[in-house]
Amino acid sequence: MFERFTKAARNVVKGAAEHAERGGAGSVGAEHLLLALLDREDTRAAAVLGRLCPAERRPALVAALADARRRAGLSRADSEALADLGIDVDAIVARVEGTHGTGALSGGRRSSGRRPFSREAKTVLEKSLRMALARKDREIGDEHLLLALTTAGGVVAETLADHGVTHSTVEAALTAPAPL
């Protein structure tokens with residue numbers, strides 16, 4: 001599948017692996033793909049993200065991802081569902097971190113070497129192919145990765161939506177003429 005990726009998309013995948021390694025994650029997740037997309041400049045996805053989530057709003061997006069990582073990857077919807085059952089996720093996180101240290105629930109393991117892609121990240125990569133095919137594009141670009149992230153569900157899609165980056169806003173930005 002990677003042979004169909006553009007250079008920009010390959011650089012995102014490589015950047016995601018680097019983010020996972022720097023963060024000590026056991027695997028490359030959808031979150032790492034998003035962080036790598038945010039690093040890009042002069043690509044279709046970078047232009048779309050620049051319009052939908054300008055640089056001054058990005059620290060809030062990155063902080064929301066870090067907060068979700070602290071909660072072991074639980075989305076806000078997951079936390080609310082557990083709260084309805086009487087389970088206070090924030091209290092559990094605080095207690096675990098009090099005993100085992102900050103980030104104890106992030107699932108990271110401090111090993112070196114290649115990290116596998118998580119099931120969620122693999123789903124994003126597969127969806128990016130479907131996005132390219134649906135748009136009748138011959139290659140998979142970083143814009144297809146962004147589109148796939150918006151539809152993958154979970155923490156990353158929720159965080160993007162909270163910051164105005166949804167499948168429909170990305171589609172609209174991709175089809176709109178570029179600003180002068």
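Which side chain does glutamate 171 meet in a salt bridge? In this predicted model, the partner is arginine 135, with N and O 2.8 Å apart. The pair links distant parts of the chain: glutamate 171 sits in helix 10 (residues 167-175), while arginine 135 belongs to the loop between helix 7 and helix 8, 36 residues away. Arginine 135 has a second partner too, since its side chain also meets that of aspartate 137 in a salt bridge, this time at 3.5 Å from N to O. Through these shared partners, Arg135, Asp137 and Glu171 are joined into one network. What about cover? Glutamate 171 is partly exposed, at 22% relative accessibility. Arginine 135 comes out at 23% and is likewise partly exposed, and aspartate 137, at 24%, is partly exposed as well.

Stepping back to the whole chain, the fold is helices and nothing else in the way of regular elements: there are 10 helices and zero strands. Read along the sequence, that gives the pattern α-α-α-α-α-α-α-α-α-α. The chain has 180 residues, and 40% of them count as buried. Contacts reach well along the sequence: of those with a separation of 6 or more, 65% are between residues 24 or more positions apart. The accessible surface adds up to about 9,900 Å², and carbon and sulfur atoms account for 53% of that.

Helix 2 is a good place to look for the inside of the fold. This helix spans residues 30-39 and is mostly covered, with nine of its 10 residues buried. The buried set runs through Ala30, Glu31, His32, Leu33, Leu34, Leu35, Ala36, Leu37 and Leu38. An α-helix has 3.6 residues a turn, so residues three or four places apart point the same way. In helix 2, the buried residues pack against a long list of other helices: helix 1 (7-22), helix 3 (44-52), helix 4 (58-70), helix 7 (119-134), helix 8 (142-151) and helix 9 (154-162).

One of the residues of helix 2, Ala30, is also touched by serine 118. Serine 118 is placed in the loop between helix 6 (89-100) and helix 7. With residues up to four places away in sequence not counted, serine 118 touches Ser27, Val28, Gly29 and Ala30. Despite the loop setting, serine 118 counts as buried because its relative accessibility is 16%, under the 20% cut-off.

Helix 3 has its own links to other parts of the chain. Alanine 46 lies in this helix and is buried, at 12% relative accessibility. Apart from neighbours within four places in sequence, alanine 46 is in contact with Arg40, Glu41, Arg58 and Asp142. The last of these, aspartate 142, is 96 residues from alanine 46 along the chain, yet the two C-alpha atoms are separated by 8.4 Å. A salt bridge also involves helix 3: glutamate 143 pairs with arginine 44, the closest N and O atoms being 3.4 Å apart. Glutamate 143 lies in helix 8 and arginine 44 in helix 3, so this pair ties together parts that are 99 residues apart in sequence. Are the two partners buried or exposed? Glutamate 143 counts as buried, at 8% relative accessibility, whereas arginine 44 counts as partly exposed, at 39%. The search of the whole structure finds three salt bridges.

Helix 9 offers another buried position. Threonine 159 is found there, and a relative accessibility of 4% makes this residue buried. Leaving aside neighbours within four places in sequence, threonine 159 is in contact with Leu61, Ala64 and Leu65.

Turning to the surface, two patches stand out for description. One is negatively charged and gathers Glu18, Glu21, Asp39, Glu41 and Asp42. Among them, glutamate 41 is found in the loop between helix 2 and helix 3 and is exposed, with a relative accessible area of 63%. Glutamate 41 is also one of the contacts of the buried alanine 46. The other patch is nonpolar: Leu85, Ile87 and Ile92 form it, with about 290 Å² of accessible area together. Within this group, leucine 85 lies in the loop between helix 5 (76-84) and helix 6. Leucine 85 is exposed, with a relative accessible area of 68%.

Notes:
Residues numbered from 1 in each chain as written. Predicted model: local features only at pLDDT ≥ 70, side-chain atom pairs only at ≥ 80, totals over all residues. Heavy atoms only, no water. Buried < 20%, exposed > 50% of the residue type's maximum accessible area, 1.4 Å probe, protein only. Helix = DSSP H or I, 4+ residues; strand = E, 2+ residues; numbered from the N terminus. Contact = heavy atoms within 4.5 Å. Patch = residues over 30% accessible without salt bridge, like charges linked within 9 Å, V, L, I, M, F, W, Y side chains within 5 Å. Areas by Shrake-Rupley, 256 points an atom, 1.4 Å probe, with all protein chains shown as cover. Salt bridge = Lys/Arg side-chain N within 4 Å of Asp/Glu carboxyl O. Lys, Arg positive; Asp, Glu negative; His and termini not counted. Charge placed at Lys NZ, Arg CZ, Asp CG, Glu CD.
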